[in-house]
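The following exercises invite the reader to work through a structure one step at a time. Each task is followed by a worked solution.

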Amino acid sequence: MTAFILRRSLQSLIVLFVMSLLVFGGVNMVGDPVDMLISPEADQMEIDRVIRDLGLDRPVTEQYWYFLVNAFKGELGRSFIFGEPALKLIIQRMPATMELALFSLLLAVVFGIPLGVYAGLKPEGKLSRTIMAGSILGFSMPTFWVGILLIMFFSVNLGWFPSTGRGETATYFGMTSSIFTADGLSHLFLPAFNLALFKLSSVIRLARAGTREVILQDYIKFARAKGVQESRVIRVHLLKNIMIPIVTVIGLEFGSLIAFSTVTETVFAWPGMGKLIIDSIYNLDRPIIVAYLMIIVLIFVTLNLVVDILYSFLDPRVRIKGAK
Amino acid sequence: MKFLRLLCIGLASVSFSLSAYAEDLRVGLKSEPSSIDPHYHNLGPNNGFSKHIFGALVGSDENQQHFPDLAVSWKPIDDTTWEFKLRQGVKWHDGSSFTADDVLFTVERAQNVPNSPSSFVTYLKGKTFSKVDDHTVHVKTAAPYPLMPNDLTTVKIISAKAGKDASTEDYNSGKATIGTGPYKFVEWVPGDRIVLTRNDSYYGKKAVFDNVIMKPIKSGPARISALLAGDVDFIDSVPPLDVARLKQDDKLQLSSGPSNRVIYLHMDQFREASPHVQAKDGGAIKNPLMDVRVRKAISHAINRDAIVARVMEGVAVKAGQLLPAGFHGVSEKMTPDAYDPDAAKKLMADAGYGDGFKMTVHGPNDRYINDAKIAEALAQMLTRVGIDASVETMPKSVYFKRASGGGPDKSPEFSFMVLGWGAGSGEASSPLKALLHTYDKSKGLGAANRGRHSDAAVDALIKKALATVDADARGKLLAEATEKAVGENYGVIPLHYQVNTWAAKSGYKYLPRTDEYTVVMGLSKD
């Protein structure tokens, strides 16, 4: 196990390095950040000063070298626009994105698995057909549009939920989050639901497919023949066996929930990392773009590792190579 | 499902009970300031926001007219010296008194903010400030400098006591954010909210609201739905498409007004062979845009009424010069060119381009209101008078770099481009100096002259105006320069002035600002 984790960590470092090269090269090819920052009334002297201050007068290779050296010290550059360390700005907004992603993951699992299993057990039922039709809609509707629709219906027409922003936060167990207050939860619900819709649909479909397959297996038949209660059959024999694909997808998709919450965060003005990265791309705030992508790569790499380790717990037949 | 419904109802009842008090104002802003430090970033949203907390020597009202703020009067006492008399009895938010020392401290600091992405040096360099007594300041320049009051509207005065050794972070956290303005700073959570509270000892008109909460909501539809849902009371930058519909809503109150921003065309006037102009068969051609008759023909080929009505949904004012009526230095004689395709064709024929030519219209697609649509409409109109125009638009992050220096030797890359200019100083000298004066990198003149228009007579008029302290005489010179550069030379072709729209829930009324700032002091209760 230790050897496995060590080897994977080394691989991750290489991935990070290659990624930093690609991202750094990429953002430096596009546009001129100084044009974005400076007042149009500024004269050449002022423009030259800003270029010098931002280090943009140096060759890209030299800029990259500085970036690498600083990265080893744990600094990922300073935002052109805010003048503060990029890492600090991103971490400042990370809790908001994390709680949004976690809450929508929770919604997807809590509603997705029961609905999917139900649809798998009674594939011909009317309700099952409705669930499956709904999941197709959930897959195919664009997040931006659904978000606006949710706002129009639940906020503007019904007035049940606030349409914008993050609610009050409270601190428990050293964690500051809006899930601890009623106001926070009411702000969280719509964006989380919007973000969860796609995941919810995939969980439903996966759970249904898994159920359909597993329910025909001999051990299920045997359990039933033995007289085991139906609820126990589902809980123990069925659920355990459909979990592997679901865990894989959820694990990997959690990364994309974080990385691609940008659209939802923009529609709901959620003060998370996604909104920061979109604004930074529009304004060519290169250090933030680079730092953000590095963090996202790190999250993906870590999640992959966690998923692999989880496998071995869920299915003892899966042995991690190198564990011997 | 039942659980979900219960959850919904439960949460909803909680959110109702937490709704804000009547004296509070919640604002939905399109753009959040990048810092609370008033000298960190010379940028629209920052300069507009800092007006709540800080004062300037010279105030600038919704029409960019000057009024006494921290200085009660100002005048030139000789050719190169301005005297500012400061207001007596002004208290900082921490209770200490405002004096000339604060002004001197401000001038020093504003020019030396570390990491500033765009500083206020532009407005302060070449000016020597000296204290005469606690409430009198003299400002010396090397040459006569008429724009002194205009420049000093932009620089916010900070407290020497609170600002000593303070960094930008100290302003963002509130530690050093001590101003004299109508609101006091409470907190800033970047991306989430800015909270302000009323300053009861403000020397001017007292603030209407006890607390102000500003929320950045970048997306237009989201900003509107937040207002409709009652989550905010007031928003800026209403997209033109929604203006007509929202006007019908009697729960809302809209205010629109023209801005100091003109949308105009720059045309390549310095290259015999312009990169994006060809003969109709694709062959090389002598740059037709160098001929004033062709530029005039293009102006007559443009149906400004159609652009305003169709592309801008009626939310714009057609333009015949660089600033709308009412600003200092605009010409009273100039009107927008009439739409006259026949005259345009005749002018083209006179210039020897009766068969037309081929050209690419370049424009940004995320900088000005409906910018890409404007470029498309222009191309259609030009095609009708024989100019085969194609359109290429791109994000501003790419566009401006190429428009200013994407060609060989950092020359402007495009031949024909859609651009905009906001006159920060509120005077015609700003666009004249930047867009129409001969490009001179070392002197900072013609800095945004991307067509490289050049006329010695225009240069002379601008130079003379910039050295004329007497306001009326300067205004006449600026008007004359505009008539020559735009009216006769067609150095640029103005299209329209942008109109900005704010929306508030009914019962509130906003005074639209020409500088496009969203300033809560402009919002009053009916």
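The exercises below concern a predicted model.

**Exercise 1. Overall form of chain B**

Determine how many helices and strands chain B has, and whether its radius of gyration agrees with that of a compact globule.

Solution. Begin with the secondary structure: chain B contains 17 helices and 20 strands. Next, consider the extent of the chain: along the principal axes, its C-alpha atoms fill a box of roughly 75 × 70 × 40 Å. Finally, compare the radius of gyration with the expected value. For 526 residues, a compact globule would have a radius near 24 Å; chain B has 25 Å, and therefore agrees.

**Exercise 2. An open sheet in chain B**

Which strands of the sheet containing β4, β5, β7 and β6 of chain B stand at its edges, and why is one side of each left without a neighbour?

Solution. First, write down the order of the strands. The open sheet of chain B has four strands in the order β4-β5-β7-β6, with antiparallel pairing. Second, find the ends of that order: β4 (71-78) and β6 (128-133) of chain B are the edge strands, and because each has a single partner strand, one side of each lacks a neighbour in the sheet. Third, note the twist, which averages 25° from one strand to the next.

Fourth, examine one pairing in detail. Strand β7 (residues 136-140) of chain B and β6(B) are antiparallel and share five bridges. Within β7(B), B:V139 is the residue opposite B:F129. Last, add the helix that packs on the sheet: α3 (residues 100-110) of chain B touches β5 (81-86), β6 and β7 of chain B. The direction of this helix makes about 170° with that of β6(B).

**Exercise 3. The partners of β12(B)**

Identify the residues that stand opposite B:H266 in β18(B) and in β17(B).

Solution. Take β18(B) to begin with. Strand β12 (residues 252-267) of chain B runs antiparallel to strand β18 (residues 492-505) of chain B, and twelve bridges join them. In β18(B), B:V492 stands opposite B:H266. Turn then to β17(B): strand β17 (residues 416-422) of chain B pairs with β12(B) through seven bridges, also in the antiparallel sense. Here B:M417 stands opposite B:H266.

**Exercise 4. Two helix packings**

Describe the packing of α5(A) with α13(A) by angle, axis distance, handedness and residue class, and then do likewise for α15(B) and α17(B).

Solution. For the pair in chain A, α5(A) and helix α13 (residues 286-314) have axes 9 Å apart and an angle of about 55°. With that angle, α5(A) is therefore oblique to α13(A). The crossing of α5(A) and α13(A) is right-handed. On the side of α5(A), the contact is made by A:A86, A:L87, A:L89 and A:I90, and on the side of α13(A) by A:P287, A:I288, A:A291, A:Y292 and A:I295. By class, this contact has nine nonpolar, no polar and no charged residues.

For the pair in chain B, helix α15 (residues 429-436) packs on helix α17 (residues 471-488) at about 40°, the axes being 10 Å apart. α15(B) is therefore oblique to α17(B). The crossing of α15(B) and α17(B) is left-handed. From α15(B), B:S429, B:L432 and B:L436 meet B:L478, B:A481, B:T482 and B:A485 of α17(B). The residues of this contact comprise five nonpolar, two polar and no charged.

**Exercise 5. Where the chains meet**

State how many residues of chain A are in contact with chain B, and classify them.

Solution. Count the residues on each side: 51 of chain A are in contact with 46 of chain B. Among the helices of chain A that each supply at least two residues to the side touching chain B are α5 (86-121) and α8 (182-214). By class, that side of chain A has 27 nonpolar, twelve polar and twelve charged residues.

Methods
Residues numbered from 1 in each chain as written. Chains lettered and ligands numbered in written order. Predicted model: local features only at pLDDT ≥ 70, side-chain atom pairs only at ≥ 80, totals over all residues. Pairing = 2+ DSSP bridges. Axes fitted to C-alpha atoms, helices over the stretch in contact; angles between N-to-C directions. Contact = placed C-beta atoms within 7 Å. Nonpolar A, V, L, I, M, F, W, Y, C, P; charged D, E, K, R; others polar. Parallel < 35°, antiparallel > 145°, perpendicular 65-115°, else oblique. Left-handed = near helix turned anticlockwise from the far one by under 90°. Rg over C-alpha atoms; globule rule 2.2 N^0.38 Å.
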